[in-house]
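Reader: Could you walk me through the ligand site, and then one of the sheets?

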Amino acid sequence: MRDDTRAWIEADKARCWHPFTPQDAWTAGEPLVLVRGEGAWLRDSEGRKYLDGNSSIWTNIHGHNHPHLNAALIRQLGEVAHTSYLGFANPRASELSERLCALFPAGTLDRVFFSDDGSTAIECAMKMAIQFRQQTGEPERTGFIAFDQAYHGDTLGAASLGGVARFHDRFRKHGLPVHFVADLDALRALPDDVVASTAAVVIEPLIQGVNEMRPWPAGMLRELRAWCDEHGIHLILDEVMTGFGRTGKMFACQHEDVIPDFLCLAKGLTGGYLPMAATLTTSSVYDAFLGGPERAFYYGHSYTANPLGCAAALASLDVFENERTLESLQPKIALMAELLAALKADCPAIIDVRQCGFIAGIEFDRDAAPICLAARDHGLLTRPIRNTVVLMPPLCITGPDLRRAFRAIDAAASEK
Ligand SMILES: *Cc1c(COP(=O)(O)O)cnc(C)c1O
């Protein structure tokens with residue numbers, strides 16, 4: 001091991017505290033120190049190369065070190081890195097808002113509220129949904145409905161929508177009032193008083209990510225939209241994971257022609273370069289916040305609409321056009337389906353494979369953590385969720401590299 005690698009690891013173990021990580025096991029292990037990226041590949045401090053099999057925790061879209069995103073950031077750095085959005089406009093935020101709204105039919109999602117990450121995008125939607133009711137004569141509608149096993153982030157409001165026991169049980173009772181349902185049947189069976197006191201329903205459209213990559217039945221989203229309309233309840237779509245091409249279309253809601261009242265975007269918004277989020281909403285929501293200071297939305301962060309983040313997001317949208325990302329993704333989605341079926345046929349320890357666009361979950365009959373660890377030795381980095389290996393590489397990955405990723409999982413599974 002190189003001296004600098006050893007020093008970084010020692011400092012990490014002595015000083016750092018990692019997300020979602022039992023630190024005692026972490027400090028007993030030997031972490032990889034990632035130092036470079038190139039396309040779908042990452043390199044560690046010892047010079048070893050790995051495929052980025054989970055897009056650096058579901059963020060990266062067009063690959064690492066992309067020349068167009070790099071150039072946009074360097075250009076923006078030559079202008080200014082950050083200016084306050086509180087009291088001032090900035091060019092990149094204006095441009096990005098136009099570009100984001102243009103991705104939806106005119107007159108639907110036409111306002112953009114920026115924040116910092118997926119959790120804050122959800123937090124904004126929740127607060128807007130509550131305040132909207134206060135200002136439209138329904139102040140008793142303060143509740144939310146979420147789905148079992150949902151994941152919407154870790155800040156206190158977003159965590160109260162979380163249905164994963166290990167992550168959320170401890171804090172849920174300290175958060176906002178939320179009713180959990182398993183599916184549409186359970187939603188329809190809710191008592192009238194619960195429905196009448198609900199401000200909004202929140203869902204990860206098409207597929208629940210943290211719930212081991214579990215797709216919803218086809219048509220479910222459209223039925224949910226209809227139910228919300230029938231009961232005068234807002235629909236919040238959490239496209240933090242599914243947004244920006246992951247499901248094969250730009251946004252998951254486009255598969256079922258659904259327009260939500262609030263759309264939360266983060267992870268892939270900047271192509272996976274910088275932390276930034278957006279909550280999109282409609283004029284009918286926005287208009288309820290007009291009419292004087294007492295009706296304004298008092299919410300924001302120091303780095304709201306950070307120009308570097310906006311520049312990266314704009315450049316990422318350019319790349320979608322320039323490289324025809326969604327078009328060239330379609331054959332790779334078909335290849336992924338083929339490789340999943342072949343893997344399942346070859347590997348008796350696999351009990352289920354699930355796919356939604358370019359997102360895959362491979363469920364084993366055992367803990368998937370050792371399999372992911374073994375896959376490293378075959379040049380693949382990814383993370384397990386319980387018994388499931390997640391595979392969702394950057395959209396730019398080549399066919400041969402996708403095959404390589406599957407070979408790594410196959411080899412790792414046969415060893416563990
Ligand atoms: C990751 C994620 C979040 C939280 O986003 P952060 O940027 O980690 O705060 C929320 N919802 C979904 C569906 C996610 O995948």
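**Ligand site and sheet**

Author: The shell around the ligand splits into four nonpolar, four polar and four charged residues. Here Ala, Val, Leu, Ile, Met, Phe, Trp, Tyr, Cys and Pro count as nonpolar, Asp, Glu, Lys and Arg as charged, and the others, Gly among them, as polar. Being in the shell takes a heavy atom within 4 Å of the ligand. This is a predicted model, where local features need pLDDT of at least 70, side-chain atom pairs need 80 or more, and totals for chains, interfaces and linings use all residues. Residues are numbered from 1 along each chain as its sequence is written, and side-chain values use heavy atoms, with hydrogens and water left out.

Reader: Which residue has a polar side-chain atom 2.6 Å from an oxygen atom of the ligand?

Author: A polar contact is a pair of N or O atoms within 3.5 Å. On the backbone side, an N or O atom of Gly-118 sits 2.8 Å from a ligand oxygen. The side-chain atom at 2.6 Å from a ligand oxygen belongs to Lys-267.

Reader: How much of the ligand does the protein bury?

Author: Accessible areas come from the Shrake-Rupley method with a 1.4 Å probe. Taken alone, the ligand exposes 380 Å², and the protein's share of burial is 84%.

Reader: Which strands stand at the edges of the open sheet?

Author: Strands are DSSP runs (E, at least two residues) numbered from the N terminus, and two of them pair if DSSP finds at least two bridges between them. The four strands run in the order E1-E2-E3-E15, with mixed pairing. Two of them have a single partner strand each, so one side is left without a neighbour in the sheet: E1 (34-38) and E15 (380-381).

Terms used:
A polar contact is a pair of N or O atoms within 3.5 Å; within protein, one must be able to donate a hydrogen and the other to accept it, and residues adjacent in sequence count only if both atoms are side-chain atoms.
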